[in-house]
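Welcome! Take a moment to look over the chain, and then we will walk through it together, one part at a time.

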Amino acid sequence: MFGAGCSGWRAVVERVYLDSQAMSFTIEFEREVDGRWIAEIPELPGVMVYGSTKEEAQRRVEELARRVQQSADLQGRSDQSLGIAPSG
């Protein structure tokens, strides 16, 4: 889990499952001491966003996951390192 061992972090972890076309993702949430929310999809390296609310963070990470998937689709390839297969 991100943020482990960092001072100033308070872990508030919740998992939400997102079905995006033929894919399922786990969204993990943490809340920083300053109140900002972080949402991350562990199955997609680098897909992590901040939001001022949990809902905003979830919306933003879902949008980013869809863009990553669309990018793989446009390239017409399967990216095994990300667990993405073309949906077409």
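## A question to begin

With which residue does Arg36 form a salt bridge when the closest N and O atoms are 3.0 Å apart? The partner is Asp34. Please keep in mind as you explore that this is a predicted model.

## The overall layout

Let us step back and see the whole chain. Its secondary structure comes to one helix and five strands. If you read along the sequence, the pattern is β-β-β-β-β-α.

The chain has 88 residues, and 38% of them count as buried. Another way to look at the fold is through its contacts. Among contacts with a separation of 6 or more, 26% are between residues 24 or more positions apart.

## Salt bridges

Searching the whole structure turns up three salt bridges. You have already met the one between Arg36 and Asp34. Arg36 also meets Glu32, side chain to side chain, in a salt bridge with an N to O distance of 2.6 Å. The residues involved sit in different surroundings: Glu32 counts as buried because its relative accessibility is 9%, under the 20% limit. Arg36, with a relative accessible area of 35%, is partly exposed, while Asp34 counts as exposed at 55% relative accessibility.

Now move to helix H1, which covers residues 54–74. Here the side chains of Glu63 and Arg59 form a salt bridge, at 3.2 Å from N to O. Both residues lie in this helix, four residues apart, which is about one turn of the helix. Glu63 counts as partly exposed at 34% relative accessibility, and Arg59 counts as partly exposed at 43%. Back at the other two bridges, shared partners join Glu32, Asp34 and Arg36 into one network.

## Rings and a nearby charge

How many aromatic pairs does a search of the whole structure find? The search finds one. The pair is made by Phe29 and Trp37, whose ring centres are 6.4 Å apart. Their planes meet at 80°, so the pair is edge-to-face. Both Phe29 and Trp37 are buried.

Phe29 has another partner to look for. The charged end of Lys54 sits over the ring of Phe29, at 5.0 Å from its centre.

## The nonpolar core

Phe29 and Trp37 also belong to the largest nonpolar core, which has twelve residues. Its other members are Phe25, Ile27, Ala39, Ile41, Leu44, Val47, Val49, Ala57, Val61 and Ala65. Strands S3 and S4 and helix H1 each supply at least two residues of this core.

Ile41 is a helpful member to follow. Leaving aside its neighbours within four places in sequence, Ile41 is in contact with Phe25, Thr26, Ile27, Val47, Val61 and Ala65. Five of these partners have names you have just read in the core list: Phe25, Ile27, Val47, Val61 and Ala65.

## Along strands S3 and S4

Strand S3 runs over residues 23–32, and Thr26 is found there. Is Thr26 buried or exposed? Thr26 counts as buried, because its relative accessibility of 12% is under 20%. The side chain of Thr26 makes a polar contact with the side chain of Glu43, at 3.1 Å. Ile27 has its place in strand S3 too, and this residue is buried with a relative accessible area of 0%. The C-alpha atom of Ile27 is 6.3 Å from that of Ala39, although the two residues are twelve residues apart along the chain.

Strand S4 covers residues 37–40 and includes Ile38. Ile38 is buried, its relative accessible area being 0%. Between the C-alpha atoms of Ile38 and Gly51 there is a separation of 6.4 Å, and these residues are 13 residues apart along the chain.

How values were computed
Residues numbered from 1 in each chain as written. Predicted model: local features only at pLDDT ≥ 70, side-chain atom pairs only at ≥ 80, totals over all residues. Heavy atoms only, no water. Buried < 20%, exposed > 50% of the residue type's maximum accessible area, 1.4 Å probe, protein only. Polar contact = N/O pair within 3.5 Å; in protein donor to acceptor, adjacent residues only side chain to side chain. Salt bridge = Lys/Arg side-chain N within 4 Å of Asp/Glu carboxyl O. Phe/Tyr/Trp six-rings, centres within 6.5 Å; stacked < 30°, edge-to-face > 60°. Lys NZ or Arg CZ within 6 Å of the ring centre and 35° of its normal. Core = buried A, V, L, I, M, F, W, Y, C linked by side-chain atoms within 4.5 Å. Contact = heavy atoms within 4.5 Å.
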